[in-house]
Amino acid sequence: MIKNTFLFYDYETFGINPSLDKPAQFAAIRTDFDFNIIDKPKIYYCKLPDDYLPNPESVLTHKISPQKANLLGVSESKFAKLIYKLFLKKKNCIIGYNNIKFDDFFTRNIFYRNFFHPYMWSWYNGNNNWDLINIIRSCYLLCPKNIKWPYKKNGIPSFRLEDFVKINKYKNIDSHDAMSDVYATILIIKSIKKKKPKFFNFLFNNRKKNQLLSLIKKNKNIPFIYISNIFDVKKNIINIILPIKIYKKNILVALNIMKNISLFLNNNINDKEKYLFNKNKKSSIIEIYLNKCPIIIPINLLNEISCKRLKINKKKYMKNIDFIKKYKIHKKIKNIYDYHKINDFKYKDNIDCQLYKKFFTNKDYQLMEIIRKTNVNKLKLIDLDKYDERFKNLLFRYRARNFYYTLNNTEKKKWDKHKKKYFNFPYIKNYLIKIKKLHLYYKNNLNNQKLLKKIYSYTKYLINLIN
């Protein structure tokens, strides 16, 4: 019988845009359920394509120069293959630190650019993903005792990984190194499980969509605590919600019953774009993505001591629910959602930014496998006419970035034209100005000075290639 394992992972990247920026380093460690390491740690570097310049600030953060990445790294196509193989091991809980809001987006885009299924890794073979940062937020709010918490100067707790490492005095851990961050993540979650076993097991057993749906069904008309990155930790405010309906299979529509719900008595509230879907988050409606491991906990699981500390008034919220039922507010919200139509999202012309334009079909995924298995010299012979329209540009960039030597003269001219468009004069001018400003700012930091010189040298090298 195959046992469940955890795969802890982390990226260092050359920027923060998962569609446009590229990975620098990947690290992963597999553990058993008690977080004992059971496999050799993996660390990979990724070469940079010649149509991209790294964000200098990112290089100064993780200290990986373009030259180092190119010396130690593999092409992104091989980089993606190595990661995909790790992720697809059976009964694999893939976990990181803030990975659901950052690293997982890079993973999907790396797989998209290199013809791997962008989503399958997180559910195939009984797999799933999880995120330590929300576990930590939950511990701080609901059971903070016996854990050392780092605080900022203004008294607000810090959930930065490096701050946890520092206050807990973890040895041999360097922040902003992928492997060190993985080790730190393991040490923190191991400590939480040891000190808060019941709480840890509850969160683990209610992290998947189906588990959460079951939890909601069992606690019908009961308020839930919802913990996310959007709350005021200084005032100890958390969201108390009432689940309303499931929207588009993965979205839990909930009403924040801590806010003024009497607004919904107005029968003219039918403009969903302005009220329910506004961008400034003033609405009492909360949309929770159940496929992103949200933490929602029935309020009746909290004891009186916790309620008092968090200033949670159970009786008040139950009265709010009676109010909602009496005036059928929940039905009004359901009706508005049932008739709402999502506006079409405008996507950039850049093919690298079109992962979420629409889902690929099973037929498309079969073609992806064919592309990965085809000899690189024969990739241009693959007929793409009956498949997703993105494949044509994706395949060309895939070949140019990973197998430039397979391009014919016409294709090489096309790639040079693409690079000239990217490395236009205003962009390069601003890029070099940024390096110069950083050079002045870090004039007393010898290591950063050396890194900036390497970035400058690399920039000149790429520009010379197309001139």
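# A guided tour of the predicted model

Start by selecting F6 and C93, since F6 stands opposite C93 in strand β4. What you have open is a predicted model, and this pair is a convenient way into one of its sheets. Widen the selection to the two strands involved, and you will find that strand β1 (residues 5-13) and β4 pair in the parallel sense over four bridges.

**The mixed sheet**

Stay with strand β4 (residues 92-96), which is mostly covered, with five of its five residues buried. If you show its side chains, N92, I94 and G96 point one way while C93 and I95 point the other way, and all of them are buried. This can be read against a general pattern, in which the side chains of a regular strand alternate between the two faces of the sheet.

Next add β5, which runs parallel to β4 and is joined to it by four bridges; to see one of the paired positions, select I94 together with N129, its bridge partner in β5. Then go to strand β2 (residues 23-31), which is joined to β3 by four bridges, with the two strands running antiparallel. Here A27 is a useful residue to label, as its bridge partner in β3 is I43.

With these strands on screen, how is the order of the five strands in this open sheet to be read? The order is β3-β2-β1-β4-β5, and the pairing is mixed. The strands β3 and β5 (128-131) stand at the edges, and because each has a single partner strand, one side of each is left without a neighbour in the sheet. If you look along the sheet, neighbouring strands are turned by 20 degrees against each other on average, with direction ignored.

**The antiparallel sheet**

Now select strand β7 (residues 239-247) and strand β8 (residues 251-256), which run antiparallel and are joined by six bridges. Within this pair, Y247 stands opposite I251 in β8.

Extending the selection gives another open sheet of five strands, in the order β9-β8-β7-β6-β10, where the pairing is antiparallel. At its edges stand β9 (285-289) and β10, each with a single partner strand, so that one side of each is left without a neighbour in the sheet. In this sheet, neighbouring strands are turned by 45 degrees against each other on average, again with direction ignored.

**Salt bridges**

Turn next to the charged side chains, for which the structure holds 14 salt bridges. As a general matter, side chains of opposite charge can pair when their charged atoms come close.

Select D50 and K419, whose side chains meet in a salt bridge at 3.1 Å, N to O. This pair links distant parts of the chain, with D50 in the loop between β3 (42-45) and α1 (56-62) and K419 in helix α15 (residues 409-422), 369 residues apart. Is K419 buried or exposed? At 3% relative accessibility, K419 counts as buried, because the cut-off for that word is under 20%.

Move on to D352 and R401, whose salt bridge is 2.7 Å, N to O. D352 lies in the loop between α12 (329-339) and α13 (362-373), while R401 belongs to helix α14 (residues 391-402), 49 residues apart. Both D352 and R401 are buried, and if you add D51 and R397 to the selection, you have a network in which D51, D352, R397 and R401 are linked by salt bridges.

A further pair to select is R399 and E411, whose side chains meet at 2.9 Å, N to O. R399 sits in helix α14 and E411 in helix α15, 12 residues apart. R399 is buried, with a relative accessible area of 4%, and E411, at 14%, counts as buried too.

**The cavities**

The last stop is inside the model, where the count comes to three cavities of 30 Å³ or more. The largest cavity has a volume of about 90 Å³, and to see its lining you can select I136, I147, K148, W149, F164, N168, Y170, I188, S191, I192 and K195. These lining residues divide into seven nonpolar, two polar and two charged. Helix α7 (residues 178-195) gives the most to this lining, with four residues.

The second largest cavity has a volume of about 60 Å³, and it is lined by W130, F202, L203, N206, R207, L212, C293, P294, I295 and I296. The elements that give two or more residues to this lining are α8 (197-205) and β10 (295-298). By class, the lining of the second largest cavity has eight nonpolar residues, one polar and one charged.

Key. Residues are numbered from 1 along each chain as its sequence is written. This is a predicted model: local features need pLDDT of at least 70, side-chain atom pairs count only at pLDDT 80 or more; totals for chains, interfaces and linings use all residues. Side-chain values use heavy atoms; hydrogens and water are left out. On a 1 Å grid over the protein atoms alone, a cavity is a set of points where a 1.4 Å probe fits but cannot get out, and a pocket is an open set with protein on both sides within 12 Å along at least five of seven lines; lining residues have an atom within 4 Å of a point. Grid points are joined across faces, edges and corners, and a volume is the space filled by probe spheres set on the points. Ala, Val, Leu, Ile, Met, Phe, Trp, Tyr, Cys and Pro count as nonpolar, Asp, Glu, Lys and Arg as charged, and the others, Gly among them, as polar. A salt bridge is a side-chain nitrogen of Lys or Arg within 4 Å of a carboxyl oxygen of Asp or Glu. Buried means under 20% relative accessible area, exposed over 50%, partly exposed in between (1.4 Å probe, protein chains only). Two strands pair if DSSP finds at least two bridges between them. Axes are lines fitted to C-alpha atoms, for helices over the stretch in contact, and angles run from 0 to 180 degrees between N-to-C directions.
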